[in-house]
Amino acid sequence: MADGMDEELVRRLVRAQFPQWAGLEVRRVASAGTDNAMFRLGDELVVRLPKAEWAAGQAEKEQRWLPRLAPALPLPVPVPVGAGVPGEGYGRAWGVYAWLDGADAWASPVTDLAHAAEELGRFGVALRAADATSGPRSFRGGAVTEWEGGAFPPAVAALAAAGLLDGRAALDVWEEVLALPAWDREPVWLHGDLLPGNLLTCGGRLSAVIDFGGLGVGDPAADLLPAWTLLTPATRPLFRAASAVDDATWARGRGWALCWGIVTDHYYGDLGGPGTAPTPNPVLAAVARRAWTQALSEYA
């Protein structure tokens with residue numbers, strides 16, 4: 001594989017560290033995710049190997065915090081069953097989890113969007129209510145400008161040059177985002193990456209939330225991204241009501257959709273050139289374009 005991870009590596013790791021599962025079949029799971037490679041281990045387990053340097057440490061974080069948070073959450077989440085350590089030529093901590101049935105919401109879209117809107121809103125409320133004492137800071141738990149704010153103007157310029165958006169309008173809206181009041185309360189838990197690829201569906205209904213690599217504490221505004229990456233103008237109000245956030249937090253969430261969408265569309269799209277990924281990721285680029293177009297239409 002291009003990332004250097006394959007079934008044979010997983011077999012060696014499992015054989016060395018979890019011999020009780022050494023006889024189980026290993027098969028790679030297709031995914032557009034950028035942080036982890038996933039492999040089915042038999043029918044009931046999945047192995048996740050961080051494949052990017054920025055994902056190092058995510059497995060340990062999930063092993064520590066998911067068992068504490070899961071009982072209070074209204075949707076199923078991954079249950080860690082084994083903590084792997086570097087070995088067999090692989091240099092990062094990794095994890096084994098109970099397999100959750102379903103397909104991701106990009107590959108198998110949600111058809112009952114009203115149900116998804118209310119369930120995701122309840123999920124966010126429950127997550128924010130959990131004790132955040134000593135929780136790690138989420139990489140999306142600060143202001144959106146702390147994430148990729150500096151990349152926003154160049155991304156706007158590139159997309160505008162390609163005729164994909166009105167650059168002046170996007171920059172004017174960005175000034176509104178910059179003027180929004182900051183989160184001024186105690187940090188709360190947020191998932192940090194509630195994109196369609198991290199939501200599972202069964203029979204067209206939302207069934208689970210996966211990939212807690214971005215889990216941490218801070219401003220919960222980034223967890224409102226599903227409003228613009230997944231939902232429609234008709235179901236967005238259901239999500240907003242179920243999320244029980246104030247107007248300023250909702251506005252910051254829309255700012256996240258605008259900034260994350262434009263920066264990610266530019267980086268993972270097919271424009272190429274400075275500031276873009278070596279290999280395009282059409283799935284993430286499509287999700288990102290939906291985010292910023294939906295958000296920008298609301299400003300208009």
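Which strands does helix H2 lie across, and at what angle to E5 does it run? Select residues 58-69 to display helix H2, and the strands beneath your selection are E2 (36-41), E3, E4 and E5, with the helix running at about 40° to E5. Lying across rests on contact, meaning heavy atoms within 4.5 Å, while the angle, on a scale from 0 to 180 degrees between N-to-C directions, uses axes that are lines fitted to C-alpha atoms, for helices over the stretch in contact. Helices (H or I, at least four residues) and strands (E, at least two) are DSSP runs numbered from the N terminus.

This is a predicted model, in which local features need pLDDT of at least 70 and side-chain atom pairs count only at pLDDT 80 or more, whereas totals for chains, interfaces and linings use all residues. Residues are numbered from 1 along each chain as its sequence is written, and side-chain values use heavy atoms, with hydrogens and water left out.

**The sheet**

Next, colour the strands: 5 of them form an open antiparallel sheet in the order E1-E2-E3-E5-E4, two strands being paired if DSSP finds at least two bridges between them. At the edges are E1 (26-29) and E4 (80-84), each of which pairs on one side only, and the twist from one strand to the next averages 25°. Zoom in on E3 (residues 45-50) and E5 (residues 94-98), which pair in the antiparallel sense over 4 bridges; there, valine 46 has tyrosine 97 in E5 as its bridge partner.

**A buried isoleucine**

Now select isoleucine 262 in helix H9 (residues 247-268), which has a relative accessible area of 0% and is therefore buried (under 20%, with exposed being over 50% and partly exposed in between, for a 1.4 Å probe and protein chains only). Leaving aside residues up to four places away in sequence, isoleucine 262 touches Phe152, Ala155, Val156, Leu159, Leu165, Ala170 and Trp292.

**The enclosed space**

Finally, show Leu120, Gly121, Gly124, Arg128, Leu194, Pro220, Asp223, Leu224, Phe239 and Ser243, which line the largest cavity. A cavity is a set of points on a 1 Å grid over the protein atoms alone where a 1.4 Å probe fits but cannot get out, and lining residues have an atom within 4 Å of a point. The volume of this cavity is about 50 Å³, counted as the space filled by probe spheres set on the points, with grid points joined across faces, edges and corners. Helix H3 (113-129) and helix H8 (236-243) each supply at least two lining residues, and H3 gives the largest share, 4 residues.

Conventions. On a 1 Å grid over the protein atoms alone, a cavity is a set of points where a 1.4 Å probe fits but cannot get out, and a pocket is an open set with protein on both sides within 12 Å along at least five of seven lines; lining residues have an atom within 4 Å of a point.
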